Amino acid sequence: MHPILCLVAAAAGPVFALTIQSAGSNACLNLTSSLGFSRVATSQLDPEYISSRGDYWNVRQSVYAPSCVVHPESPQDVSVAIQAIRAADSRFAVKAAGHNTNNFFSSVDGGVLIDLSSMTAKSYDSATTLATYEPGSNWGQLYEYYQQYGRTVMGGRLSGVGTGLALGGGLSYLSPQYGIACDSFRELEVVLPNGSIVTASSTSNPDLFFAMRGGGGNAYGVVTKYTVQSRAIGNFYAGNIVWLFQQKDTVLEAIRDFIAYNTDPKASILPTYEKLTTPDLNLNLDELITMFLVYDGEDPGTAFDNFTRIPHIIDTRSIKTYKEVADMPVPFTAELTRADNVFRSGVHRIEDDSYNVLLETWREWAETHKASYIHTGFYMYPVPRSLTDGSHAQGGDAMQLPDGPWYWTAYDLATPPGLPNAAYNAIQESFREMVESTPNAPGLPLFLNEAAWDQDPLATFSSFETLKQIKNKYDPDGFFATRTGGWSFD
Ligand SMILES: Cc1cc2nc3c(=O)[nH]c(=O)nc-3n(C[C@H](O)[C@H](O)[C@H](O)COP(=O)(O)OP(=O)(O)OC[C@H]3O[C@@H](n4cnc5c(N)ncnc54)[C@H](O)[C@@H]3O)c2cc1C
């Protein structure tokens, strides 16, 4: 449910809440008889229920209690679940690996949680070089599987993230070579809001295929199988470099130069400026700069020299497999920081010097609000011309990426679990104001995957009106629009 609808529900009081509960219970009752108890967990003490409810990167979502958790094993199971939910007029959520930080995007309170984690079939066809996978594996599991064929699929930069990433575009270390993850989709198997199972490809339901390439998860249907163009891989030269914050401006200049001038698409960077709540004490224990340097190949040449020549305190670069690259530890973010996590995103052009303002604005806010968070990070994601060319060469996607170079920014904020609502809302509002204080560059799409629910990223897509029409065609009575969370087309 959209967070605003939740507030409305709360204001409407116990009768409304009871209606939600009983619609969910009715759907669950039907599902236990059609799918069986092995695939439907109704007790909050059932281990399957506990693990589905508890496994969110934003742990604040674990407070929500679904009426039951369904673990489908086939597209037919998903179809049965959607039809039962529709018949009961229940709320629901679709969950892959639960890394989206927005409430009710993959969590639900008093409705049906469709947890796709049991759907893990995967295959590789050496004749076509196409790969197929169901939605339940995380990227680390997929990279490990395809490695035996000397291939990989386009997905997340960290192992634990799930396949919902590709429906929101999907930035990979290989993106400067092949575009974003959804550009490599070749065919999707989709359960539509009316329960029917269809194929979406360039020749079958091409409008649906267009929308599901980066137009966001769970808006148009539930994907039960991905067929994608796989990519050849060998070893990588990759690792983390860590600098003390004294190097912040020098590193920022090097990032700027990389975004503007790097011409080697095998070279990828993921820079993060990090702040911890710990006191400074003039020991520099509260802030650092971490950068993933990832080269597709064993010899990066001079691609990263501008970074490595800046004096640093840690350098973990070595030859690694792709799975090892995705498993690289991150000092304070990612899988280690399971807390009340939120993301916000921005988009900027490199020519306007906004990067200086962005870094200083975030750092000043982080200094001023030190007692309110566990961790906060400021990330810069280059979008080089080779990435946008790679996207266009495969037919483009719902983001309709304008020619690079430009860059996305992301900010994360980890607050202590269990903050009272007033304190939580106050720090979130202040964080929002900080991010919004530097306007985004016009004409560029926001990074959907790390946008906050109120940022309205789809409205920044040049394809927005087309997506809206496609949404209305495949969800004509607004069943998904009103019964599950996700991006709004209003
Ligand atoms: C630690 C971390 C690292 C990240 N790294 C990257 C990165 O490298 N690149 C990047 O692009 N993004 C990255 N992200 C952002 C990430 O892509 C989004 O959070 C994404 O939504 C996560 O997908 P998921 O499957 O894990 O999450 P979920 O919360 O399970 O799903 C996300 C959304 O997609 C929907 N969905 C999932 N599967 C389906 C399906 N089969 N059919 C229909 N709808 C579906 C869900 O309902 C939900 O709305 C990262 C996030 C975190 C927390």
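**View 1. Aromatic pairs in the predicted model, with Tyr143 and Tyr322 as the example.** A search through the whole structure, which is a predicted model, finds 32 aromatic pairs. One of them is formed by Tyr143 and Tyr322. Their ring centres are 4.5 Å apart, and the planes make an angle of 40°, a tilted arrangement. Tyr143 belongs to helix H5 (residues 139-147), whereas Tyr322 belongs to helix H11 (residues 322-326). With their positions 179 residues apart, the pair links distant parts of the chain.

**View 2. The ligand in the largest cavity.** The cavity that holds the ligand is the largest one. Around the ligand are 34 residues, and those that come nearest are Val94, Ala96, Ser106, Arg157 and Leu171. Sorted by class, this shell has 18 nonpolar residues, 13 polar residues and three charged residues. Strand S3 (92-95) supplies at least two residues of the shell, as do helix H6 (164-167) and strand S10 (222-229).

**View 3. Contacts of the ligand with Gly162, Asn218 and Glu450.** An oxygen atom of the ligand lies 2.8 Å from a backbone N or O atom of Gly162. At Asn218, a backbone N or O atom is 2.9 Å from a nitrogen atom of the ligand. The side chain of Glu450 has an N or O atom 3.1 Å from a nitrogen atom of the ligand. On its own, the ligand has 950 Å² of accessible area, of which the protein covers 97%.

**View 4. The backbone at Asn218.** Asn218 is in the loop between helix H8 (206-212) and strand S10. The phi angle of Asn218 is near 45°, which is a positive value in a residue other than glycine. A backbone N or O atom of Asn218 is also the partner of a ligand nitrogen atom at 2.9 Å, as in the previous view.

**View 5. The cis peptide bond before Pro405.** The bond shown runs from Gly404 to Pro405 and is cis, with omega near 5°. Pro405 is placed in the loop between helix H13 (385-393) and strand S19 (406-415).

Technical notes. Residues numbered from 1 in each chain as written. Predicted model: local features only at pLDDT ≥ 70, side-chain atom pairs only at ≥ 80, totals over all residues. Heavy atoms only, no water. Near = heavy atom within 4 Å. Polar contact = N/O pair within 3.5 Å; in protein donor to acceptor, adjacent residues only side chain to side chain. Areas by Shrake-Rupley, 256 points an atom, 1.4 Å probe, with all protein chains shown as cover. 1 Å grid on protein atoms, 1.4 Å probe; cavity = no way out; pocket = protein on both sides within 12 Å on 5 of 7 lines; lining within 4 Å. Sits in = over half its atoms within 2 Å of the grid points. Helix = DSSP H or I, 4+ residues; strand = E, 2+ residues; numbered from the N terminus. Nonpolar A, V, L, I, M, F, W, Y, C, P; charged D, E, K, R; others polar. Phe/Tyr/Trp six-rings, centres within 6.5 Å; stacked < 30°, edge-to-face > 60°.
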